[in-house]
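Look over the sequence and the coordinates before reading on. The report below works from the whole chain down to single residues.

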Amino acid sequence: MIRTGLFVSGILVIIVSPVIGAIPGPGGVFVFAAGLALVLQNSHKARRGFVHVKRRYPRVGHYADMGLRRQSAARRRARDKVPRAAR
């Protein structure tokens, strides 16, 4: 029940973000990111769609991982910094 409530509130926040985006300043972007984070944390189907988009557009996925502060992305970046010979 709580997950459903958080998912619905995330969708509502995403819907409201263009209205807040009309106000001068970058507020709409942050509101959209917060709504997206709520949706991705509480929906398996949305998470699978996000993974598909990340694989199709890796640069967009990188910025999304940075914004969501994903631990898996931090491990992946640390692993990629180590030269292959040292592995």
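What follows covers confidence, overall fold, and then selected residues helix by helix.

**Confidence**

This is a predicted model. The mean pLDDT of the chain is 83. Of the residues, 91% score at least 70. Confidence varies by element: H1 has the highest mean pLDDT, 90. Helix H4, residues 58–68, has the lowest, 73. Where pLDDT is low, the predicted coordinates should not be read in detail.

**Overall fold**

The chain holds five helices and zero strands. In sequence order the pattern reads α-α-α-α-α. How does the radius of gyration compare with the globule rule? The radius is 16 Å, well over the 12 Å that the rule gives for 87 residues, so the chain is more spread out than a compact globule. Along the principal axes, the C-alpha atoms fill a box of roughly 50 × 35 × 20 Å.

Burial and surface come next. Buried residues account for 16% of the 87 residues in the chain. The accessible surface is about 7,000 Å². Carbon and sulfur atoms own 65% of that surface. Contacts can also be sorted by sequence separation. Taking those between residues at least 6 apart in sequence, 34% join residues at least 24 apart.

**Helix H1**

Helix H1 spans residues 2–21. Two of its residues are worth a look: isoleucine 15 and phenylalanine 7.

Is isoleucine 15 buried or exposed? Its relative accessibility is 54%, and the cut-off for exposed is over 50%, so isoleucine 15 counts as exposed. Ile15 also belongs to a nonpolar surface patch, made together with Val8, Ile11 and Leu12. The patch covers about 350 Å².

Phenylalanine 7 is partly exposed, with a relative accessible area of 25%. Which residues does phenylalanine 7 touch, leaving aside its neighbours within four places in sequence? The contacts are Val39, Asn42 and Ser43. A C-alpha distance adds to this picture. Phenylalanine 7 and glutamine 41 are 34 residues apart along the chain, yet their C-alpha atoms are separated by 8.1 Å.

**Helix H2**

Helix H2 runs over residues 27–42. Alanine 33 lies in this helix, and so does glycine 27. Alanine 33 is partly exposed at 38% relative accessibility. Glycine 27 is also partly exposed, at 27%.

**Helices H3 and H4**

Helix H3 covers residues 44–56 and includes lysine 54. Is lysine 54 buried or exposed? The value is 18% relative accessibility, and buried means under 20%, so lysine 54 counts as buried. Apart from its neighbours within four places in sequence, lysine 54 is in contact with Gly61, Asp65, Arg70 and Arg76.

Arginine 59 sits in helix H4. Its relative accessible area is 67%, which makes arginine 59 exposed. Helix H4 is also the element with the lowest mean pLDDT, 73.

**C-alpha separations**

The table sets sequence separation beside spatial separation for four pairs.

| Pair | Apart along the chain | C-alpha to C-alpha |
|---|---|---|
| Phenylalanine 7 and glutamine 41 | 34 residues | 8.1 Å |
| Alanine 33 and valine 16 | 17 residues | 12 Å |
| Arginine 59 and glutamine 71 | 12 residues | 17 Å |
| Glycine 27 and phenylalanine 50 | 23 residues | 23 Å |

**In brief**

The model is predicted and has five helices with zero strands. The chain is more spread out than a compact globule. Isoleucine 15 is exposed, whereas lysine 54 is buried.

Notes: Residues are numbered from 1 along each chain as its sequence is written. This is a predicted model: local features need pLDDT of at least 70, side-chain atom pairs count only at pLDDT 80 or more; totals for chains, interfaces and linings use all residues. Side-chain values use heavy atoms; hydrogens and water are left out. Patches are made of residues with over 30% relative accessible area and no salt bridge: like charges are joined within 9 Å, nonpolar side chains (Val, Leu, Ile, Met, Phe, Trp, Tyr) within 5 Å. Accessible areas come from the Shrake-Rupley method with a 1.4 Å probe; for residues, only the protein chains shown count as cover. A salt bridge is a side-chain nitrogen of Lys or Arg within 4 Å of a carboxyl oxygen of Asp or Glu. Helices (H or I, at least four residues) and strands (E, at least two) are DSSP runs, numbered from the N terminus. Buried means under 20% relative accessible area, exposed over 50%, partly exposed in between (1.4 Å probe, protein chains only). pLDDT is the predictor's confidence in each residue, from 0 to 100. The radius of gyration is taken over C-alpha atoms; the globule rule is 2.2 Å times the number of residues to the power 0.38. Contact means heavy atoms within 4.5 Å.
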